[in-house]
Amino acid sequence: MTPAAEAASRLPASRVVGGVRHLYVHLPFCAHRCGYCDFVTAVGRREEHRGYVDALLAELDRERRVLAGPLETVFVGGGTPTFTEPEALTRTLDALPPAAEVTVEANPETVTPALAFLLRDQRVSRVSLGAQSFRPHLLGVLERVAGPDDVRRSVHTLRDAGFDNISLDLIYGVPGQSAADLEADLADALALEPEHLSCYELEAKPGTRFTHAHGEELARQAEAMEGYAERVVETLTGAGYRWYETANFCRSDGGRDLRAQHNLAIWRGADYLGIGVGAVSTLGGERRRNRPSVARYVAALADGDAPPREVEHLDAATRAVERLMLGLRLDEPFTVGAAGVEDVVDADALERLTLAGLVDRVGDGVRLTPRGRMLGGAVTAELLA
Amino acid sequence: MDQSRIRNFSIIAHIDHGKSTLADRILQLTETVSEREMRDQMLDSMELERERGITIKAQAVRVQWKGHELNLIDTPGHVDFTYEVSRSLQACEGAVLVVDAAQGIEAQTLANAYLAIENDLEIVPVVNKIDLPSADPDGAAAEVSELLGGSPEGVVRISAKTGVNVDQVLDAIVERIPAPKGEPDAPPRALVFDSSYDQYRGVIAFVRVVDGRLPTGSPLHAMAMGTDFDAEELGFMAPQRVPVDALEAGEVGYVVTGLKDVSRLRVGDTLTTRRGGARAPLPGYKEVKPMVFAGLFPTDSDDYPELRDALEKLKLNDAALFYEPETSQALGFGFRCGFLGLLHMEIVRERLEREFDLDLLVTAPNVAYSVKEKNGDWVEVHNPADMPRDPEEVQEPYVRAQVIVPKDYVGAVMELCTERRGRFDHMEYLSETRVLLTYELPLGEIVYDFYDQLKSRTRGYASFDYDIAGFRDGELARVDVLVGGEQVDALSLIAHRDAAYERGKLLVERLREEIPRQMFDVPIQAAIGSRVIARETVKAKRKDVLAKCYGGDISRKRKLLEKQKKGKKRMKQVGGVEVPQEAFLAVLNLDGEKKK
């Protein structure tokens with residue numbers, strides 16, 4: 001994080017300031033909504049893409065003043081950004097301010113040579129592919145459109161277009177997934193030599209169609225799947241990947257920092273601007289969350305208004321709790337003595353957790369041990385004063 | 001009223017044999033309550049009594065019948081409230097014994113009849129529910145007359161529900177029950193057989209005037225407690241309070257004492273006048289001794305003073321309730337309470353929760369133990385945690401239990417009683433199909449889960465009653481529970497040596513289910529002394545972290561974290577292990593749960 005961004009993130013509540021160096025852009029459209037998904041998405045509606053992008057760019061214009069001149073990162077997420085009509089997608093990417101890292105999320109089935117070149121031409125430096133699994137039966141449970149070969153082909157297509165920073169998303173803990181399935185998924189992913197891997201345990205969120213259909217089975221399998229997170233970490237670190245965040249791994253070759261810079265900034269507590277439906281911004285003492293309705297979003301911006309959104313005020317203590325919560329997810333030491341953070345940390349608990357082998361002291365910072373990271377939620381809750 | 005025209009009586013019956021319905025019909029038939037005012041279970045004023053269809057507290061109501069003044073003193077039917085019954089009976093000259101025409105004599109019928117006979121009461125036997133299709137009035141009448149030694153013709157056959165022959169019951173009361181025989185001109189003596197607390201008027205005493213006359217406004221003296229007060233108001237219940245100028249010898253009524261301190265007047269005391277008062281009190285009641293004990297703890301420790309006040313108020317009209325402060329490392333500040341039995345315990349708990357709006361944790365009940373110390377002294381122990389690890393000798397209370405059961409279930413009942421260390425006493429056929437079994441059983445076995453087992457093994461057909469038979473030597477062991485290597489005082493229990501292993505095993509198994517997984521392995525052990533008899537482990541969590549956390553998730557994740565933090569604050573720390581209060585509750589209610 002730059003000194004300026006770091007300073008900005010420490011400012012007191014209710015002040016939105018300029019100089020923000022991280023931008024998130026939400027393109028909500030998808031070919032199909034997967035059962036487990038709880039992102040803001042809109043299925044189909046190809047005819048709406050152009051109008052949505054008009055609104056998105058209008059919002060970018062309105063908010064441009066909070067952004068610093070050169071940005072560090074831009075992240076285009078969804079939905080399936082690459083499902084967006086090529087013309088609308090091109091206009092979006094074209095309008096984005098330049099940044100050192102520009103990531104676009106893509107689903108394998110959308111990755112054609114034409115798309116790959118479109119992204120390249122638009123200075124996209126990093127592609128995050130929603131692979132999720134290489135097992136057909138698990139992809140079926142997850143209701144993914146792409147098959148295993150689509151994933152492989154999409155990686156090759158991107159490589160052919162010159163992409164040298166590709167991330168794969170994998171999901172584990174899928175109903176019906178055996179330990180062997182997990183091993184095979186990891187091996188298949190590693191065979192593609194991605195620069196970065198995000199591995200998430202499937203979260204069956206209450207109220208989703210998925211939980212309705214698979215909740216009971218997941219509960220039954222909970223015990224068997226308990227060790228999956230450990231298997232993921234062992235396998236990937238064994239293959240030379242750095243476990244730099246709870247669910248994220250990167251190759252550590254040739255001096256390149258292959259961590260996801262956009263997310264890394266957020267985990268370090270930087271401010272970020274989010275535009276698009278459902279997008280969240282954290283700007284000093286304010287967190288804004290745009291409402292999820294595409295129609296209302298488009299209408300508001302067409303009328304020259306700000307998009308409908310809710311605002312949450314974050315006081316210094318709340319931001320300190322968040323910085324602790326996020327900072328402890330990383331493999332780099334977190335400075336508990338920093339202004340503000342000190343007040344929310346229970347020194348006795350820190351001592352206890354250190355003795356219990358869950359926390360390591362590194363200079364004036366702390367870092368969770370591997371086991372501490374597996375129990376990160378409980379450890380963080382324990383650490384809070 | 002001339003004493004010769006007064007009749008004081010109780011109605012005694014097994015639960016559900018129609019005591020309250022008969023009382024309701026009597027109130028209607030004597031026009032004490034108008035049709036408009038009538039509601040079911042008129043005399044059961046507590047919400048709890050109506051709901052459960054039982055009478056807990058004695059109530060006295062005066063009715064007029066053919067020129068006579070009849071005082072009906074309602075009594076509880078359940079075994080736990082035998083002391084209430086005997087109290088009420090002491091204020092009476094007679095009792096109406098109600099038996100269900102379809103069920104016949106039950107265990108409580110026997111217990112109550114014996115009590116009435118012990119108190120020299122004239123018994124008017126009544127067979128109720130003759131309108132039921134399954135009724136066998138002749139069979140029931142034969143059983144009753146066999147029991148009481150009269151002729152079946154003397155048994156009044158009624159339907160309290162429809163009112164058939166209820167007038168014959170009233171006539172029989174007037175004809176057969178003797179009038180009171182006190183001294184109208186002697187210094188006054190009135191027996192306090194019950195009391196209640198009115199927040200505006202203070203303590204209200206229910207009395208039976210034995211000798212003399214108590215006029216309103218007279219300065220009174222409670223002879224046992226030495227408390228002085230003025231009779232602010234005297235009167236009788238009909239069933240609401242009706243003030244009168246004076247209560248005369250032989251009459252039953254109430255006295256508004258104005259006393260605000262509930263501990264200053266005890267049930268069983270004798271009231272007299274301060275001037276020209278009686279020299280000697282009436283024979284009081286035998287002190288009732290609680291035999292079942294449990295810890296009561298407020299869920300919220302801030303409620304401790306409220307719990308203390310509530311117990312004090314309940315104690316006023318529940319002489320059998322015993323309590324003393326108890327501190328538990330696991331559950332905080334509370335009270336060790338003594339009860340007459342399990343129903344008494346449940347009633348007290350429910351009254352505390354309903355009438356005083358308290359949230360309570362109740363530990364598993366245990367009985368009183370008598371322990372011989374090294375110096376040869378015998379002490380009574382009410383809490384397993386206070387039991388010495390290696391006592392010289394221990395005695396436990398035994399009961400004489402009577403079980404009435406259809407003959408097909410005799411084997412099942414005998415098997416159960418034997419399993420529960422029972423000693424067979426005798427067996428008797430009440431009729432061709434029904435058998436009375438008498439056993440001596442340790443009370444500790446009964447408070448464990450005897451009722452449930454009896455019910456399930458006899459398909460609910462058994463009826464059961466008991467009275468305390470005294471203390472006997474017991475081969476008992478104290479089982480301690482250790483969580484994370486530390487003893488949890490509230491979970492200690494005392495069991496017979498042969499059963500200790502099973503009980504300890506059950507307890508640690510249940511705890512393993514209830515204690516959430518922690519960041520480290522948590523051993524749960526049951527031990528007798530230093531010998532571990534059962535062990536379970538709550539395996540450490542392997543993973544407790546939310547996989548995904550990006551810019552859009554932060555608020556939600558923070559809230560989840562704060563919730564997790566808050567949840568931890570509600571946990572009790574035992575040996576460095578966070579134990580949710582619910583875990584204690586679930587374990588402590590192990591027996592209670594099964595009962596429902």
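Trainee: In which loop of chain B does Lys129(B) lie?
Mentor: This is a predicted model. Strand 5 of chain B covers 122-128, and helix 5 covers 137-148. Lys129(B) sits in the loop between strand 5 and helix 5 of chain B.

Trainee: What is phi of Lys129(B)?
Mentor: Most residues other than glycine have a negative phi. Lys129(B) is not a glycine, yet its phi is positive. The value is near 65°.

Trainee: Is Lys129(B) buried or exposed?
Mentor: The cut-off for buried is 20 or more other C-beta atoms within 10 Å. Lys129(B) has 25 of them within 10 Å, so it is buried.

Trainee: Where does Arg421(B) lie, and is Arg421(B) buried or exposed?
Mentor: Arg421(B) is in the loop between helix 9 (410-419) and strand 25 (423-429) of chain B. Its phi is positive, about 65°, although it is not a glycine. It has 20 C-beta neighbours inside 10 Å, and therefore counts as buried.

Trainee: How far apart are the end C-alpha atoms of helix 4 of chain B?
Mentor: Helix 4 of chain B has 12 residues, 107-118. At 1.5 Å a residue, the helix should span 16 Å. The value from the model agrees with that: 17 Å.

Trainee: Which residues of helix 4 of chain B are buried?
Mentor: In an α-helix, residues three or four places apart point the same way. In helix 4 of chain B, the buried set starts with Ala107(B), Gln108(B) and Thr109(B). The rest of the set is Ala111(B), Asn112(B), Ala113(B), Leu115(B) and Ala116(B).

Trainee: Which residue just after helix 4 of chain B takes a positive phi?
Mentor: Look just past the end of helix 4 of chain B. Phi there is about 60°. The residue is Asp120(B).

Trainee: Which peptide bond in chain A is cis, with omega about 20°?
Mentor: Most peptide bonds are trans. One residue of this cis pair, Gly79(A), is in the loop between strand 4 (71-78) and helix 3 (86-95) of chain A. The cis bond joins Gly78(A) and Gly79(A).

Trainee: What is omega for the cis peptide bond between Ala238(B) and Pro239(B)?
Mentor: Pro239(B) lies in the loop between strand 12 (233-237) and strand 13 of chain B. Its bond to Ala238(B) is cis. Omega is about -15°.

Trainee: Which strands are the edge strands of the open sheet in chain B?
Mentor: Eight strands form this sheet, in the order 11-10-16-7-8-15-12-13, with antiparallel pairing. An edge strand pairs on one side only. The edge strands are strand 11 (227-230) and strand 13 (241-244) of chain B.

Trainee: By how much are neighbouring strands of this sheet turned against each other on average?
Mentor: The figure ignores strand direction. The average turn is 40°.

Trainee: What is the bridge partner of Leu191(B)?
Mentor: Strand 7 (residues 189-198) and strand 16 (residues 270-273) of chain B run antiparallel, joined by two bridges. The partner is in strand 16 of chain B: Thr270(B).

Trainee: How many residues of strand 28 of chain B are buried?
Mentor: Strand 28 of chain B spans residues 476-483 and has eight residues. It is largely enclosed by the rest of the structure, because the buried count is seven.

Trainee: How many bridges pair strand 28 with strand 31 of chain B?
Mentor: The pairing of strand 28 with strand 31 (residues 522-528) is antiparallel. One bridge pair is Asp480(B) with Ala527(B). The count is five bridges.

Trainee: Which residue of strand 30 of chain B stands opposite Val479(B)?
Mentor: Strand 28 and strand 30 (residues 493-496) of chain B run antiparallel, with four bridges between them. The residue opposite Val479(B) is Leu493(B).

Trainee: Which residue in the hairpin turn between strand 28 and strand 29 of chain B has a positive phi?
Mentor: Two bridges join strand 28 to strand 29 (residues 486-487) of chain B. Leu482(B) stands opposite Gln487(B). Two residues lie between the strands, and the one with a positive phi of about 60° is Gly484(B).

Trainee: Which helix of chain A supplies the largest share of the side that touches chain B?
Mentor: The interface puts 34 residues of chain A in contact with 22 residues of chain B. Elements of chain A that each supply at least two residues include helix 9 (228-238) and helix 12 (316-327). The largest share is five residues, from helix 16 of chain A.

Note on methods:
Residues are numbered from 1 along each chain as its sequence is written. Chains are lettered from A and ligands numbered from 1 in the order in which they are written. This is a predicted model: local features need pLDDT of at least 70, side-chain atom pairs count only at pLDDT 80 or more; totals for chains, interfaces and linings use all residues. Two residues are in contact if their C-beta atoms, placed from the backbone, lie within 7 Å. The expected span of a helix is 1.5 Å times one less than its number of residues. A residue is buried if 20 or more other C-beta atoms lie within 10 Å of its own, exposed if 12 or fewer, and partly exposed in between; C-beta atoms are placed from the backbone. Two strands pair if DSSP finds at least two bridges between them. Axes are lines fitted to C-alpha atoms, for helices over the stretch in contact, and angles run from 0 to 180 degrees between N-to-C directions.
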